[in-house]
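Colleague: I have the model open and some questions about pockets and charged pairs. Can you take me through them?

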Amino acid sequence: SSLSASCWSRPHPVNMLNSYNAKFQHSKALTSPYPGSHIERSQVPEDKVGWLTEWKDYNPVEYTAKSVLAGPSWADPQINHEGFSPKFNERDGEVERKSLNGLYVVENGRPRNPVGRTGLTGRGLLGRWGPNHAADPVVTRWKRDGSGNKVAHPVSGKNILQFVAIKRRDCGEWAIPGGMVDPGEKISATLKREFQEEALNSLQKSPEEKAKLEKQLQKLFSQDHFVVYRGYVDDPRNTDNAWMETEAVNYHDETGETMDNLPLEAGDDAGVVKWVDISEKLELYASHSYFIKLVTEKRGAHWSEDPGSECHE
């Protein structure tokens, strides 16, 4: 969870890389200093982000954090490490090295960031060479009054949707609970696990309490759900050789019965957890507001007091 898909600028829900606008996509991935360090990236002008633009003098800084080089279970060895021969663009044992956006180039044994240059090579804080997969569960319900009736917004007339938000310990901003996909783990399992750890504090529960939570959540997580976004993420931890990708999924409790009986309790990377009313006034971590907006469009819920701003992308 400490490596959850977090700081990114607004992505577009597209699957074809050739429709990516590199200038638009790389803003967070060009910021200095690199998170958790004093390392300054080599400056990359906007017109030289894309790999198709020739730049013979490009001289990126090489940096991989000590925490990654220490060889934790979630990290790859260095490329030249004896016995390490990763299978890029495919499933490599338990590690998923396929990108959600299709094939990526491998140059001199290193995967190349599909969106463009970042001014930094190596892995920075990211464990995997190539794509580092994360998952973000957006759990929603309708806001209701004391009698159990849905509450509509007085201006737009649309019903107000609420989602489970966490206040991140690392930066104090409100966000969707989420985190990294473990090797061999299905995305659906990651979504459920991260929600339990961050919003229900399952890591501190007894086996009996955990089993009870599991049973209650199963109903919500096994029903029809909506994939909000899947693909590349413009994240400040990205490098030329390692980058974040995520799948954000909306699980909606239409009647409210399932979630009303679940005690929200902050755990793992979360400082606080609570139900938050959704509107464009929400200021959330990174591009989480954009994911939330897509959910309101899908559910026909309130987003803005200005009807003109609810147009579809």
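**Pocket and salt bridges**

Modeller: Start with the largest pocket. Its lining has 30 residues, and those nearest its centre are His133, Met180, Val181, Asp182 and Pro183. Keep in mind that this is a predicted model.

Colleague: How much space lies in the largest pocket?

Modeller: The lining counts 30 residues. The space in this largest pocket comes to about 560 Å³.

Colleague: Which helix supplies at least two residues of the lining of the largest pocket?

Modeller: Two strands each supply at least two lining residues, E3 (95-96) and E7. A helix does so as well: H3 (187-199).

Colleague: By class, how many charged residues has the lining of the largest pocket?

Modeller: Nonpolar residues number 10 and polar ones seven. The charged residues number 13.

Colleague: Is Glu194 buried or exposed?

Modeller: Glu194 forms a salt bridge with Arg193, with the closest N and O atoms 3.1 Å apart. The cut-off for buried is under 20% relative accessible area. Glu194 has 0%, so Glu194 is buried.

Colleague: Which residues do salt bridges with shared partners join into one network?

Modeller: Arg193 is at 18% relative accessibility and therefore counts as buried. Arg193 and Glu194 are bridged to each other. The network made by shared partners holds Asp182, Glu185, Arg193, Glu194 and Glu197.

Colleague: How many residues apart are Asp76 and Arg128?

Modeller: Asp76 and Arg128 form a salt bridge, with 2.8 Å between the closest N and O atoms. The pair links distant parts of the chain. Asp76 is in the loop between helix H2 (66-69) and strand E2 (91-92), and Arg128 is in the loop between strands E6 (120-124) and E7 (130-142). Along the chain they are 52 residues apart.

Colleague: Are Asp76 and Arg128 buried or exposed?

Modeller: Burial requires under 20% relative accessible area. Asp76 meets that, and Arg128 does too: both are buried.

Colleague: What does Glu96 count as at 27% relative accessibility?

Modeller: Glu96 forms a salt bridge with Arg91, the closest N and O atoms lying 3.5 Å apart. Arg91 is at 39% relative accessibility, so Arg91 counts as partly exposed. Glu96 is at 27%, so Glu96 counts as partly exposed.

Colleague: How many salt bridges does the structure hold?

Modeller: Those between Asp76 and Arg128 and between Glu96 and Arg91 are among them. The structure holds 20.

Colleague: What separates the C-alpha atoms of Lys293 and Ser279?

Modeller: Lys293 sits in helix H6 (residues 288-299). At 11% relative accessibility, Lys293 counts as buried. Ser279 is 14 residues away along the chain, and the C-alpha separation is 8.0 Å.

Notes:
Residues numbered from 1 in each chain as written. Predicted model: local features only at pLDDT ≥ 70, side-chain atom pairs only at ≥ 80, totals over all residues. Heavy atoms only, no water. Helix = DSSP H or I, 4+ residues; strand = E, 2+ residues; numbered from the N terminus. Buried < 20%, exposed > 50% of the residue type's maximum accessible area, 1.4 Å probe, protein only. Salt bridge = Lys/Arg side-chain N within 4 Å of Asp/Glu carboxyl O. 1 Å grid on protein atoms, 1.4 Å probe; cavity = no way out; pocket = protein on both sides within 12 Å on 5 of 7 lines; lining within 4 Å. Points joined across faces, edges and corners; volume = space filled by probe spheres on them. Nonpolar A, V, L, I, M, F, W, Y, C, P; charged D, E, K, R; others polar.
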